[in-house]
Amino acid sequence: KQYCFMFGEHPNPTKAILGGKGIGLADMTKFGLPVPYGFTITTECCHFGKDLPADVEKQIDECIKKLEEKSGKKFGDPTNPLLVSVRSGAAISMPGMMDTVLNLGLNAETREGLAKKTNNPRFAADSYRRFMQMFGNVVMEIEHDKFEKVLASVKSKHSRVLDTDLTTEELDEVIVGYQDLVRKEKGEFPTDPRVQLRMAIDAVFGSWSNPRAVTYRRLNGITGLIGTAVNVQMMVFGNTGDRSGTGVGFTRNPSTGEAGAYGEYLLNAQGEDVVAGIRTPHPITLMEQELPETYKELMAVFQLLEKNFKDMQDIEFTVEEGKLFMLQTRSGKRTAAAAVRIAVEMVEEGLIDKEEALMRIDADSIPQLLFPRLDDADKKNQKLLAKGLPASPGAAIGKLAFTAEEVVKRLAAGEKDLILAREETCPDDIEGMNAAKGIVTARGGMTSHAAVVARGMGKCCVSGVSALHIDADKQQMIVGGKTYGPNDFITLDGSTGEVFENKVQVVEATVSGHFQTILDWANEFRRLGVRANAENRKDAMKAREFGAEGIGLARTEHMFFTGNRIIAVREMILADQVEKREEALNKLLPYQRADFVDLFSVNEGLPVNIRLLDPPLHEFLPSTKADMKQMAEEMHISVEKVEHLCASMHEINPMIGFRGCRLGVVYPEISRMQIRAIVEAACECVEKNANYKFGGIEIMIPVVAHVKEVEILREVALDTINKVFAEKKQTKERIPYKVGVMIELPRACITAEEIAKVAEFFSFGTNDLTQTTLGYSRDDAGKFIPVYLEKNVYEKDPFQALDQTGVGELIHMAVERGHKGRSDIHCGICGEHGGEPSSIDFCHRAGLDYVSCSPFRVPVARIAAAQAAI
Ligand code: PEP
Ligand code: MG
């Protein structure tokens with residue numbers, strides 16, 4: 001079997017086999033571009049490691065021979081030496097993660113030969129010292145710093161600032177220093193070019209499994225690759241003088257997407273100098289003045305490559321004595337903003353079609369466009385304190401505050417920009433969370449309370465930062481042995497989960513016209529509807545602005561915390577008689593009605609799905625002495641009685657305790673009040689505007705396990721609706737409604753056929769369905785999921801990306817059985833997965849009708865839904 005191919009000679013070249021760099025070089029060779037001769041050893045050899053089979057070794061020798069013939073130079077020839085670069089290149093680029101060796105083939109003799117042949121002894125010396133340094137570091141594994149120290153000491157001895165200032169004699173001193181260093185650390189430096197080559201190939205293959213590369217693949221979710229390829233290529237030299245140079249360019253700006261060449265280069269330099277930051281590279285446009293002919297040629301190559309690959313290219317080139325050589329071309333990495341602009345403009349230019357443009361967008365990167373973000377350059381200047389989960393994207397900078405009340409109080413007192421730092425948040429914290437610039441928690445996963453609420457608010461949040469120790473009583477956050485208090489600033493990056501000391505600069509987000517265009521195109525292709533999870537006017541408006549087609553989930557309990565409604569909520573919960581409870585409920589009714597009027601008015605013509613009360617009641621109870629005392633006064637009972645009532649509601653396992661529809665079954669008066677508020681709100685809309693159009697009211701019963709629960713609550717709902725309709729002289733024709741359920745428990749999936757007979761719609765609550773199917777508490781999973789991901793138990797956090805083989809099977813079952821029970825049952829999803837691309841793709845395939853997600857995920861969902869359909 002053949003494993004080594006001269007560039008352009010593989011009969012069926014693929015990225016998987018030749019790697020990204022290899023295929024780019026092969027393609028450029030075929031286009032007739034000036035690519036230095038070379039060959040690729042395929043990714044299929046990576047797993048051999050140092051034990052390359054004899055036939056691969058033979059093929060390498062043959063390729064070297066061909067290289068010698070083509071170049072007219074010879075490996076190890078002291079009069080006309082062939083020098084090569086040995087570079088890695090996997091199918092997916094992993095910038096800077098794997099190894100490269102340049103100038104291979106040099107030793108004392110070939111160096112002399114090179115000096116004579118080029119009549120440039122300084123260049124030969126420079127190349128030799130570069131080779132020793134790279135080979136010594138990459139192949140012989142001697143620390144880079146040790147070489148740098150030698151170089152620095154020679155420079156300082158002769159008062160030289162730049163490497164390029166060193167004379168040939170001074171470079172010789174560096175070479176002697178390097179030789180001593182290598183001898184001391186690892187023994188003799190290999191002089192035989194063939195031995196050098198074999199060692200370098202082994203090292204590059206080996207670098208596939210270095211910890212850095214392994215981590216990079218894990219962090220970027222790169223799986224299914226067999227390894228890196230190795231490219232051996234004749235050297236061309238950018239370090240021969242001022243008519244030579246090397247550079248990196250993009251055919252469009254990778255940060256903004258603006259058309260036109262972008263990049264940088266350095267004269268008299270080799271590749272690593274451009275990125276090393278010792279000398280400041282020049283913008284590529286300056287080349288027009290410094291090397292006008294070469295620049296013209298380079299721009300022609302840029303155009304040709306982009307036209308051919310129909311994508312923005314990331315290009316490496318070298319200029320040797322005015323002659324241009326191409327060393328790499330591949331699709332360039334880009335920001336979300338650039339991706340959107342490039343995709344749209346390429347359609348306008350006729351390079352690609354709309355489908356292709358949509359597929360080019362990484363839907364998950366879209367939130368980048370909606371939040372202000374931290375300046376990447378300034379991040380490097382600041383101290384990284386710790387890393388947690390990127391719970392809700394965006395950037396937040398502010399002083400630390402340790403309780404929600406503290407946030408509210410300090411803001412009221414005139415302070416600005418506070419970051420709420422909590423062990424974890426609870427529903428009580430909602431005001432403070434809303435008022436804070438950002439939220440950081442030491443505990444909790446991606447669907448923890450803090451994360452869900454923050455995403456819903458479009459607020460930056462980093463959750464589960466286990467390195468933080470937060471002491472609310474002492475108003476302290478301790479991390480890495482250092483203590484931070486209420487006057488200290490920190491910065492959160494909600495897109496990466498990073499927590500920085502002090503202030504990092506931000507750059508404002510702009511929603512560009514291109515973004516709007518791509519979203520419009522998404523609507524042309526998607527089949528899935530996209531709704532939003534929202535329960536107040538502000539969020540509902542945001543959602544509509546982003547193109548949501550109604551509300552898929554309004555969590556009514558979130559409405560209980562605004563203003564001083566909580567008092568009435570607590571009265572309702574603590575009431576020991578139905579009459580008292582109803583009295584308290586009557587106080588809540590007008591509030592809820594007003595909330596629903598808001599939701600309806602923002603969503604005229606669109607469906608609005610409202611969920612009946614779901615969380616365990618004790619979540620609303622007073623926890624402090626002062627609050628208990630206040631409740632005792634309000635209710636004219638003793639503090640002891642309040643304490644007793646609160647204690648009696650404690651639950652061991654609240655998430656599978658007295659919650660969801662169970663509340664309504666036991667206290668139907670609660671459901672009755674909520675349903676009345678919904679229907680009265682609808683009637684009010686009609687009274688205000690006789691032409692108001694309802695897109696359909698959906699009353700949703702949560703955490704259903706048994707069809708009888710649905711029957712009981714459906715009865716309560718219909719009875720209440722009919723009562724209100726009779727009072728207000730309204731009809732179902734005027735105010736259409738449906739009563740349906742949330743599917744959040746395995747039993748509901750299994751008995752979906754029966755349930756569908758009494759439920760008009762299903763909405764999959766995949767947060768709870770994941771929790772109950774896997775048996776992992778969604779509030780505690782943050783403790784072990786990171787380890788599970790590291791050990792590859794799951795590829796992605798199942799609370800973030802739907803576990804398709806487990807939870808997904810239950811959804812398939814429920815959809816299928818549900819349709820047996822009711823052929824036109826309408827199905828959606830409203831768990832956090834409804835805004836996650838791979839889960840949306842699943843929802844499309846599973847035949848759901850819509851997804852619902854937090855307002856800021858709506859654009860993501862629109863694009864992901866289009867991608868699923870293309
Ligand atoms: C769910 O469980 O997926 C859901 C949407 O409900 P909540 O997150 O409010 O429990
Ligand atoms: Mg739920």
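What share of the contacts in the protein with a separation of 6 or more comes from residues 24 or more positions apart? I looked that up before anything else: the share is 70%. A note to self before going on is that this is a predicted model.

**Overall look**

I counted secondary structure next and got 33 helices and 31 strands. The C-alpha atoms fill a box of roughly 105 × 60 × 50 Å along the principal axes. Of the 870 residues in the protein, 50% come out as buried.

**Strand β24 and its partners**

I went to β24, residues 529–533, and asked how many of its residues are buried. Five of the five are, so the strand is largely enclosed by the rest of the structure. I then checked the faces one by one: G529, R531 and N533 lie on one side, V530 and A532 lie on the other, and both sides are covered. R531 caught my eye as a charged residue on that list of buried ones.

For pairing, I found β31 (residues 850–853) running parallel to β24, with four bridges between them. β25 is also parallel to β24, joined to it by two bridges. A532 turns up in both pairings: C853 stands opposite it in β31, and I551 is its bridge partner in β25.

**Ligand 1**

β25 led me on to the ligand, since β25 (551–555) is one of the elements supplying at least two residues of the shell around ligand 1. α29 (766–774) is another such element. Which element gives the most to this shell? It is α29, with three residues.

I wrote down the whole set around ligand 1: L553, R555, D614, E744, G765, T766, N767, D768, C830 and G831. Sorted by class, I get two nonpolar, four polar and four charged residues.

**The β12, β21, β22 group**

I traced β22 (residues 498–501) to see what it pairs with, and strand β12 (residues 384–387) runs antiparallel to it with three bridges. A386 is the residue opposite V499 there. β21 (residues 489–493) is antiparallel to β22 as well, by four bridges, and I490 sits opposite E501.

β21 and β22 form a hairpin with four residues between the strands. I looked at phi in that hairpin and noted G497, which takes a positive value near 85°.

**Helices α20, α21 and α25**

In α20 (residues 565–574) I marked V569, R570, M572, I573 and L574 as buried. What do these buried residues pack against? I found α21 (578–602), α22 (625–635) and α23 (639–648).

I followed α21 to α25 (residues 668–688). Their axes come within 7 Å and cross at roughly 35°, and the crossing is right-handed. The contact has plenty of names on each side, so I list a few, reminding myself that residues three or four places apart on an α-helix point the same way. On the α21 side I see, among them, V578, R581, E582, L585, L588, L589 and Q592. On the α25 side the contact includes E669, I670, M673, Q674, A677, I678 and A681. The residues of this contact divide into 14 nonpolar, three polar and seven charged.

**Two odd phi values**

Most residues other than glycine have a negative phi, so I went hunting for exceptions. N119 is one of them, with a positive phi of about 55°. N119 lies in the loop between α3 (108–118) and α4 (121–138). Is N119 buried or exposed? N119 is exposed, because just 8 other C-beta atoms lie within 10 Å, and the cut-off for exposed is 12 or fewer.

E141 is another, with phi near 60°, in the loop between α4 and α5 (144–157). E141 has 10 other C-beta atoms within 10 Å, so E141 counts as exposed too.

**A90**

Last entry: A90, in strand β3 (residues 84–90). Why does A90 count as buried? Because A90 has 25 C-beta neighbours inside 10 Å, where 20 or more is the cut-off. Setting aside neighbours within four places in sequence, I listed its contacts as G19, G20, T43, L225, G227 and T228. I also took the C-alpha distance from A90 to E316: they are 226 residues apart in sequence and 16 Å apart in space.

Notes
Residues are numbered from 1 along each chain as its sequence is written. Chains are lettered from A and ligands numbered from 1 in the order in which they are written. This is a predicted model: local features need pLDDT of at least 70, side-chain atom pairs count only at pLDDT 80 or more; totals for chains, interfaces and linings use all residues. Two residues are in contact if their C-beta atoms, placed from the backbone, lie within 7 Å. Two strands pair if DSSP finds at least two bridges between them. Axes are lines fitted to C-alpha atoms, for helices over the stretch in contact, and angles run from 0 to 180 degrees between N-to-C directions. A crossing is left-handed if the near helix is turned anticlockwise from the far one by less than a right angle, and right-handed if clockwise. A residue is near a molecule or strand if its C-beta atom, placed from the backbone, lies within 6 Å of it.
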